[in-house]
Amino acid sequence: MTADVWLPIPPEEIDGLPEGPAYRFWNGGEDFPADPADCAFYVVPYMKPSPLCVRPMARMGNVRVVQTLSAGIDHVEPGLGHLPAGVRLCNARGVHEASTGELTLALILASLRGIPDFVRAQDRGEWLGGFRPALADKNVLIVGYGSIGEAIEDRLVPFEVARVARVARSERTTARGPVHPLTELPALLPEADVVILSTPLTETTRGLAGADFLSRMKDGALLVNVARGPVVDTKALLAELESGRITAALDVTDPEPLAREHPLWRAPGVLISPHVGGPTSAFLPRAKRLLVDQLNRYVNREPLRNVILTTGASTD
């Protein structure tokens, strides 16, 4: 039985790792730390390009677990076809909720209250007053109500929003209220002052915020994307921004990163942060706790957390 565990964090910096496996440090360097065929548990490097992350997977014929340190798994999906049947793919649920929830609120407040304008005015030495919209009393729609969507709502509550509507792939009821299915999204969009995208990137959600979606948003509404860039149709968004009808705050874009000459940089009413929802001081302690828990479960043959799919399993 293969026993190597590939970690993108030096193992000596992680307290509580179980004894038994041979821990190999690899964070995307050109040289592999060992033969990929001996890897049983692959922890994917964080915030690295997809081609780099999947590069060793074609040679991991004995791997049993692939663990991402991101909530999304789209960057490793191109490599799943190279893996043997029975490999469990796990995401990092529980790692990014705090950081992404914080950034979402920061983007909303900065956009509504005009913080970018104040920063530019400060650079000019100009006292820029004026009347700005508040988050209080706004209707907010969260599209993608997993653990990150829940964390965003946790942080919205103290701001006295009028209402939070929730949308996910399937309908359910939570302690805070109903979660609407995606089929009800067209009817919910016109009621929202702030629309937050926190959904995974799937074939269903790719291009979800296209021309029809955006046209249903009310005049003056704010679109916030902390999901993945391709969830939004960039061309359709540009048309709406350039008309001045809606505004946007984007932590992710399509393409990403944006080229210097891309028109999205200069579109009116848009605030862009460079995909920084996850990488904060909150990341490392939570990532380490996840890895210690998962690896102890793996060594002790206990059920793993956050299993998204198993290769070779039926999707019916």
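These questions and answers go through the sheets, helices and aromatic pairs of a predicted model.

Reader: In what order do the strands of the 8-strand sheet run?
Author: The sheet is open and its pairing is mixed. Strand 8 (172–174) and strand 13 (270–272) each have a single partner strand, so they stand at the edges with one side left without a neighbour in the sheet. Between those edges, neighbouring strands are turned by 20° against each other on average, direction ignored. The order is 8-9-7-6-10-11-12-13.

Reader: Are the residues of strand 10 buried or exposed?
Author: In a regular strand the side chains alternate between the two faces of the sheet. In strand 10 (residues 194–197), Val194 and Ile196 point one way, while Val195 and Leu197 point the other way. On either side, all of these residues are buried.

Reader: Which residue of strand 10 stands opposite valine 143?
Author: Strand 6 (residues 139–143) runs parallel to strand 10, and 4 bridges join the two. Strand 10 is also joined by 4 bridges to strand 11 (residues 222–225), again in parallel, and there valine 195 has leucine 223 as its bridge partner. On the strand 6 side, the residue opposite valine 143 is leucine 197.

Reader: What is the handedness of the β-α-β unit that contains helix 6?
Author: The unit consists of strand 10, helix 6 (residues 211–216) and strand 11. Its two strands are parallel and joined by 4 bridges. The unit is right-handed.

Reader: What angle does helix 7 make with strand 12?
Author: Strand 12 (residues 247–250) pairs with strand 13 in the parallel sense over 3 bridges, and alanine 248 stands opposite valine 270. Helix 7 (residues 234–243) packs on this sheet and touches strand 11, strand 12 and strand 13. Its direction makes an angle with that of strand 12 of about 130°.

Reader: Why is helix 4 described as largely enclosed, and what covers it?
Author: Of the 10 residues in helix 4 (residues 147–156), 7 are buried, so the rest of the structure largely encloses this helix. The buried residues are Ser147, Ile148, Gly149, Ala151, Ile152, Glu153 and Leu156. Their cover includes helix 2 (97–113), strand 6, strand 7 (163–168) and strand 10.

Reader: Which strands are at the edges of the 6-strand sheet?
Author: This sheet is open, with mixed pairing and the order 2-1-3-4-5-14. An edge strand here pairs on one side only. The edge strands are strand 2 and strand 14 (307–310).

Reader: Which residue is the bridge partner of tryptophan 6 in strand 3?
Author: Strand 1 (residues 4–7) and strand 3 pair in the parallel sense over 3 bridges. Within strand 3, the partner of tryptophan 6 is tyrosine 42.

Reader: How are the rings of tryptophan 26 and tyrosine 42 arranged?
Author: Tryptophan 26 lies in the loop between strand 2 (22–25) and strand 3 (39–43), 16 residues from tyrosine 42 in strand 3. Tryptophan 26 is buried at 2% relative accessibility, and tyrosine 42 is buried at 0%. The ring centres are 6.4 Å apart and the planes are at 40°, which falls in neither the stacked range (under 30 degrees) nor the edge-to-face range (over 60). The pair is therefore tilted.

Reader: What sits over the ring of tyrosine 145?
Author: A charged group lies 5.9 Å from the centre of this ring. The cut-off for a charge over a ring is within 6 Å of the ring centre. The group is the charged end of arginine 166.

Key: Residues numbered from 1 in each chain as written. Predicted model: local features only at pLDDT ≥ 70, side-chain atom pairs only at ≥ 80, totals over all residues. Heavy atoms only, no water. Buried < 20%, exposed > 50% of the residue type's maximum accessible area, 1.4 Å probe, protein only. Pairing = 2+ DSSP bridges. Right-handed = clockwise from strand over helix to strand, strands pointing away. Axes fitted to C-alpha atoms, helices over the stretch in contact; angles between N-to-C directions. Contact = heavy atoms within 4.5 Å. Phe/Tyr/Trp six-rings, centres within 6.5 Å; stacked < 30°, edge-to-face > 60°. Lys NZ or Arg CZ within 6 Å of the ring centre and 35° of its normal.
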